[in-house]
Amino acid sequence: MSVLTEKDRPIVELLLNAGTCPRCILRFCCVGSQGLYRHPHKDLMKDLQEFLKSSQEEEEPVSLDVADPPCKRIRLEPGEEGADDGNHNGALPQLPSAGDGSPAVGSSAGKVCNVCLGILQEFCEADFVKKVCQKVNSADYQFTSFVFSVSLPPQLSVRERAAWLGVKQQMRNLGLPFAKDDIVQLKEAYKWIIHPQLSEELGVPADGKSLFEVSVVFAHPETEEECHFLATACPDCFKPAKNKQSVFTRMAVIKALEKIKEEDFLKHFPCPPSSPKSLCDALEIQCNNGAVFVAGRYNKYSRNLPQTPWIIDGERKLESSVEELISEHLMAEFKADSFNFSSSGREDVDVRTLGNGRPFAIELVNPRRIRFTAHQMKRLQQAINDSSDKIQVRDLQLVTRSAIGRMKEGEEEKTKTYSALIWTDKAIQREDIAFLDDIKELKLEQKTPLRVLHRRPLAVRCRLIHTMKSEYIDQHHFRLHLKTQAGTYIKEFVHGDFGRTKPNIGSLLNRTADILELDVESVDVDWPPTLAD
């Protein structure tokens, strides 16, 4: 396994003297051994100083037997050609203790790193790891693994580039071969160090596919203006965005660094960069669980209950809604931050939903509790049903995000069955409405109804009435059972909406007709799966 060699000596010496920490020096020497980065900071510093003291003839490297997967790397000089393309994946040589007079003794020890701004120093120590874990444990999440993410100050990319150009310049001045190697990413090295510590402290493994995220946001106010010269050199890279407090985002800075010429960069920034006075600040330590999705079917028995909160111009019209009656129990049990409600279509406030109910799904955002047995879900369903006589829920279950797509497909593709109580201005007999039973696949043209024009675009929609069955009540009333294409406006099919729906019941009967009551009798979407009682 490869170790530091003579060609790395100028890099180590330059960066140590410039105030770079041992772990960043290993990154710039392209050392890919994860275990090595976990060695104590003082030990790494001592080893680097000993490496500089040793002569090429005396060097007898001893590699650490660490089997690591290949590391991801960030290529800082994609077009640079060199004679040596080898990567280092081993340990530093283990040499005798350093005496006084080492070339770089004291240059980096005790200082804040001029490249990582202390992230690979203080923030790798046990005290910080414990602080992160205390935050996680106090948040009271359920999780079986975690993914760790880091948000770095954008100026770190500038300092990384400056350090790289300083090394590049030094190697050229010495007439040494300049390799095409690329350095180990700061984030990657940090995770190599922090993952095992977090995993041990939390008692669960780190997993890149985990839905539970632990994130740390770093900032360094002392150096935050170091990116600003890039806005002059590459103004096209820094465009204001609605959701961004500053134009100097990490991606904008990286884009500018790719565009700026090397000579222009050197005019504005010291290479290697100077040492800062202060460490980074860990601004935020946050936890977030991936969303959990709950699905079921609901029946609505009230003619005075909207599906979602009815608020007009900031004023609430009715005290509750289907969405709220269901979600308040789910929010409490899952301990989520918020929710998003969706369903296969919707009914008006005065329309009941009967039969086997309407499919719905609720996305619970950042839930603290995520593990529920089928029995617990049954108890939760019962709690919802016991809380109100206006709705009932059935088939309540946990589902995946992708499964919800089946519900939305059915919203437009499936059929729906309705029962409408209809009034006519002129008297009718049974034979006057009997012909409706023989009409099949009646084609409608429906302009966007006046009552929804404020929230739906003006359009003419073609819809089908598959079948109708009339039920005579008296001279001015009859009930009509309809099976229709999803998305058909039933009220407008009855009264015509001032001629905006053609044909309509009024035009078919040659008299004025209006709808008094409407019930949804079935929504023919075979989702979610029916559960046994």
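Me: A nonpolar core is a set of buried Ala, Val, Leu, Ile, Met, Phe, Trp, Tyr and Cys residues joined through side-chain atoms within 4.5 Å. Which residues have the most contacts inside the largest one?

Reply: Val12, Leu120, Phe148, Tyr190 and Phe218. That core has 62 residues. Helix α7 gives the most to it, with eight residues. A second, separate core holds 35 residues, including Ile404, Ile433, Leu480 and Ala513.

Me: What are the ground rules for this model?

Reply: The model is predicted, so local features need pLDDT of at least 70 and side-chain atom pairs count only at pLDDT 80 or more, while totals for chains, interfaces and linings use all residues. Residues are numbered from 1 along each chain as its sequence is written, and side-chain values use heavy atoms, with hydrogens and water left out.

Me: What does the whole chain contain?

Reply: The protein chain has 16 helices and 15 strands. Both are DSSP runs numbered from the N terminus (helices H or I, at least four residues; strands E, at least two). Of its 533 residues, 50% count as buried. Buried means under 20% relative accessible area, exposed over 50%, partly exposed in between (1.4 Å probe, protein chains only).

Me: Why is asparagine 366 called buried?

Reply: Its relative accessible area is 5%. The limit is under 20%, so the label applies. Asparagine 366 lies in the loop between β8 (352-365) and α12 (374-387). Its phi is positive, about 50 degrees, although it is not a glycine.

Me: Is phenylalanine 498 buried or exposed?

Reply: Exposed, at 78% relative accessible area. The cut-off is over 50%, so the value passes. Phenylalanine 498 is in the loop between α15 (490-495) and β14. It is not a glycine, yet its phi is positive, about 55 degrees. Most residues other than glycine have a negative phi, and most peptide bonds are trans.

Me: Which peptide bonds are cis?

Reply: One runs from lysine 502 to proline 503, with omega near -15 degrees. Another runs from tryptophan 527 to proline 528, with omega near -5 degrees. Proline 503 is in the loop between β14 (501-502) and α16 (505-509). Proline 528 is in the segment after β15 (513-523).

Me: Why does serine 151 count as partly exposed?

Reply: Its relative accessibility is 34%. That falls between 20% and 50%, so neither of the other labels fits. Serine 151 sits in strand β1. Its bridge partner in β2 is valine 217. Beyond its neighbours within four places in sequence, serine 151 is in contact (heavy atoms within 4.5 Å) with Val216, Val217 and Phe218. Its C-alpha atom is 8.5 Å from that of alanine 219, 68 residues apart along the chain.

Me: What makes β1 and β3 edge strands?

Reply: Each has a single partner strand, so one side of each is left without a neighbour in the sheet. The sheet is open, with three strands in the order β1-β2-β3 and mixed pairing. Two strands pair if DSSP finds at least two bridges between them. Five bridges join β1 to β2 (residues 212-219), running parallel. Eight join β2 to β3, running antiparallel. Both pairs therefore meet the rule.

Me: Which residues stand opposite each other there?

Reply: Serine 149 faces serine 215 in β2. Phenylalanine 218 stands opposite alanine 282 in β3.

Me: How do you know that β2 is largely enclosed by the rest of the structure?

Reply: Six of its eight residues are buried, so the description holds.

Me: What makes α1 largely enclosed?

Reply: Seven of the ten residues of α1 (residues 9-18) are buried, so the rest of the structure largely encloses this helix. They are Arg9, Pro10, Ile11, Val12, Leu14, Leu15 and Leu16. Their cover includes α2 (22-28), α4 (41-53) and α6.

Me: Why are α6 and α9 called roughly parallel?

Reply: The axes of α6 (residues 155-173) and α9 (residues 250-259) cross at roughly 30 degrees. Angles under 35 degrees count as roughly parallel, over 145 as roughly antiparallel, 65 to 115 as roughly perpendicular and the rest as oblique. The pair therefore earns the first label. The axes come within 8 Å. They are lines fitted to C-alpha atoms over the stretch in contact, with angles from 0 to 180 degrees between N-to-C directions.

Me: Which residues of α6 and α9 meet?

Reply: Ser157, Val158 and Arg161 in α6 meet Arg250, Val253, Ile254 and Leu257 in α9.
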